[in-house]
Amino acid sequence: MKRTATAIWKGNLREGTGTLDTQSGALDAHPYSFKARFEDENGKSGTNPEELLGAAHAGCFTMQLSHLLAEAGHPADELKTMATVSVEPKDGGGFEITRSALSLEAKVPGIERDVFEAIASKAKTGCPVSVALGGIDITLDMTLHG
């Protein structure tokens, strides 16, 4: 299985602009820019690689957790995950992605908290995107509703 995405960039880093396309069509000439990546915290000027990485991580983790919960006999009513990806200046110049902080709100009827936490921890370390992000800090904050 292979998935594709295409980036087109025109101009220099600060004044240039680009577009992103995905195989699924979810992104179709979707804009991205230096401003969208490093200056516009409200996210209204376009997307950026860190936001897309966060979407991939949140989606992968949530699907993995759903599977593991159902497999353990505790299917979830709802799982909502937000991934906050941090990019920081690095020594010597440039930037680096340092962390993906997962924040989970879960509605799982009848599950014991310690069982839920063990399953969520397994999903955090085992989802393919977490594995791919092995070089950064990955955290998980959980809220469980029965």
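In which helix does M63 lie? M63 sits in helix α2, which covers residues 49–71. Residues are numbered from 1 along each chain as its sequence is written. Please keep in mind that this is a predicted model, where local features need pLDDT of at least 70, side-chain atom pairs count only at pLDDT 80 or more, and totals for chains, interfaces and linings use all residues, while side-chain values use heavy atoms, with hydrogens and water left out.

Let's start with the overall layout. The chain has four helices and six strands, taken as DSSP runs numbered from the N terminus (helices are H or I with at least four residues, strands are E with at least two). Following the sequence, you meet them in the pattern β-β-β-α-α-β-β-α-α-β. The C-alpha trace spans about 55 × 35 × 30 Å along its principal axes. Of the 146 residues in the chain, 32% are buried; here buried means under 20% relative accessible area, exposed means over 50%, and partly exposed lies in between, with a 1.4 Å probe and protein chains only. Contacts, meaning heavy atoms within 4.5 Å, also tell you something about the fold: among those with a separation of 6 or more, 51% join residues 24 or more positions apart.

Now for the interior. In soluble globular proteins, nonpolar side chains tend to be buried together. The largest nonpolar core in this model has 24 residues. Such a core is a set of buried Ala, Val, Leu, Ile, Met, Phe, Trp, Tyr and Cys residues joined through side-chain atoms within 4.5 Å. L65, L69, L104, V108 and F116 have the most contacts inside this core. At least two core residues come from each of α2, β4 (78–89), β5 (95–107), α3 (113–126) and β6 (137–145), and α2 gives the largest share, with six residues. V108 is a good place to look around: leaving aside residues up to four places away in sequence, V108 touches L69, H74, P75, A76, L79, F116, L144, H145 and G146.

Back in α2, M63 counts as exposed because its relative accessibility is 65%. The C-alpha atoms of M63 and S24 are separated by 18 Å, with their positions 39 residues apart along the chain. E78, in strand β4, is partly exposed at 43% relative accessibility. E78 touches E105, A106 and K107, not counting residues up to four places away in sequence. The C-alpha atoms of E78 and A106 are separated by 5.9 Å, although the two residues are 28 apart along the chain.

The aromatic rings are worth a visit too. A search of the whole structure finds three aromatic pairs. One of them joins F34 and F38 in a tilted arrangement, at 4.9 Å centre to centre and 45° between the planes. Rings of Phe, Tyr and Trp (its six-membered ring) pair if their centres lie within 6.5 Å, and planes under 30 degrees apart count as stacked, over 60 as edge-to-face and the rest as tilted. F34 and F38 are separated by about one helical turn because they are four residues apart in helix α1 (residues 34–39). F34 is buried at 9% relative accessibility, whereas F38 is partly exposed at 24%. Ring pairs link F34, F38 and F95 into a cluster.

One last stop is A29, in the loop between β2 (17–22) and β3 (30–33). A29 has a positive phi of about 55° although it is not a glycine, and at 42% relative accessibility A29 is partly exposed.
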